[in-house]
Amino acid sequence: MKNSEMEQIVGAYLAAYNAFDVDGMVALLTPDVIFRNVSEGTVTHETIGLPAFRTLAEQGAAMFSERHQELIGLTFENGADAAVVAATIRFRGILAADNPATGSEGSQIELVGRSEFGFRDGKIAAITDVS
């Protein structure tokens, strides 16, 4: 897969995420997609497959009244069996409700992290969010 194609898919995924478009996000994924969230070196969430990813994405969307991921930069790692895009992302979100782990309704969260996208058959097969 060409780097430009992977970049386009990552861009479409981020646009769907920013628009709270879970269907748009899921359309870009393989049926067996693996998602991991890693915070301070610990895996905090992991899903395997579209149904589990959809559930997590819907829960995540409900947490925020506003959210935006801004792409800061991309690096490409092409291996023999897989292609990986590492994206540096600036995130900003406003909580839709009180959450003991993240703050009170209306609180703003900002961070810079990294998302690694693995590709297979023209779709995203793995996502690892690292913050």
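How do strands S3 and S4 pair, and over how many bridges? The close-ups below take up this question and a few others, using a predicted model.

**View 1. Strands S3 and S4 run side by side in the antiparallel sense.** Strand S3 covers residues 64–78 and strand S4 covers residues 83–95. The two pair over 13 bridges. To find one of these contacts for yourself, start at Arg67 and look across to Gly93 in S4, its bridge partner.

**View 2. Strand S4 also pairs with strand S5.** Here the partner strand is S5, made of residues 108–120. S4 and S5 pair in the antiparallel sense too, over 12 bridges. A handy landmark is Ala83, which stands opposite Phe119 in S5.

**View 3. A salt bridge joins Glu66 and Arg92.** Let us return to S3 and S4, this time for their side chains. Glu66 and Arg92 meet with a distance of 3.5 Å from N to O. Glu66 lies in strand S3 and Arg92 in strand S4, so the pair ties together parts that are 26 residues apart in sequence. Both ends can be checked for exposure: Glu66 is partly exposed, with a relative accessible area of 39%, and Arg92 is partly exposed at 30%.

**View 4. Helix H1 has a set of buried residues.** H1 takes in residues 3–18, which makes 16 residues. From its first C-alpha to its last, the helix reaches 22 Å, close to the 22 Å expected at 1.5 Å a residue. Which residues of H1 are buried? Among them are Met6, Ile9, Val10, Tyr13 and Leu14. Follow the chain just past the end of H1 and you meet Phe20, which takes a positive phi of about 60°.

**View 5. Arg54 and Asp23 meet in a salt bridge.** Their side chains come to 2.8 Å, N to O. Since Arg54 lies in helix H3 (residues 50–62) and Asp23 in helix H2 (residues 22–26), the pair ties together parts that are 31 residues apart in sequence. Arg54 is partly exposed, with a relative accessible area of 27%, whereas Asp23 is exposed at 52%. Look for Glu58 as well: Asp23, Arg54 and Glu58 are linked in a network of salt bridges.

**View 6. Arg120 and Asp121 form another salt bridge.** The side chains of Arg120 and Asp121 meet at 3.9 Å, N to O. Arg120 is partly exposed, at 36% relative accessible area, while Asp121 counts as exposed at 73%. If you enjoy hunting for such pairs, the structure holds eight salt bridges.

Key: Residues are numbered from 1 along each chain as its sequence is written. This is a predicted model: local features need pLDDT of at least 70, side-chain atom pairs count only at pLDDT 80 or more; totals for chains, interfaces and linings use all residues. Side-chain values use heavy atoms; hydrogens and water are left out. Two strands pair if DSSP finds at least two bridges between them. Helices (H or I, at least four residues) and strands (E, at least two) are DSSP runs, numbered from the N terminus. The expected span of a helix is 1.5 Å times one less than its number of residues. Buried means under 20% relative accessible area, exposed over 50%, partly exposed in between (1.4 Å probe, protein chains only). A salt bridge is a side-chain nitrogen of Lys or Arg within 4 Å of a carboxyl oxygen of Asp or Glu.
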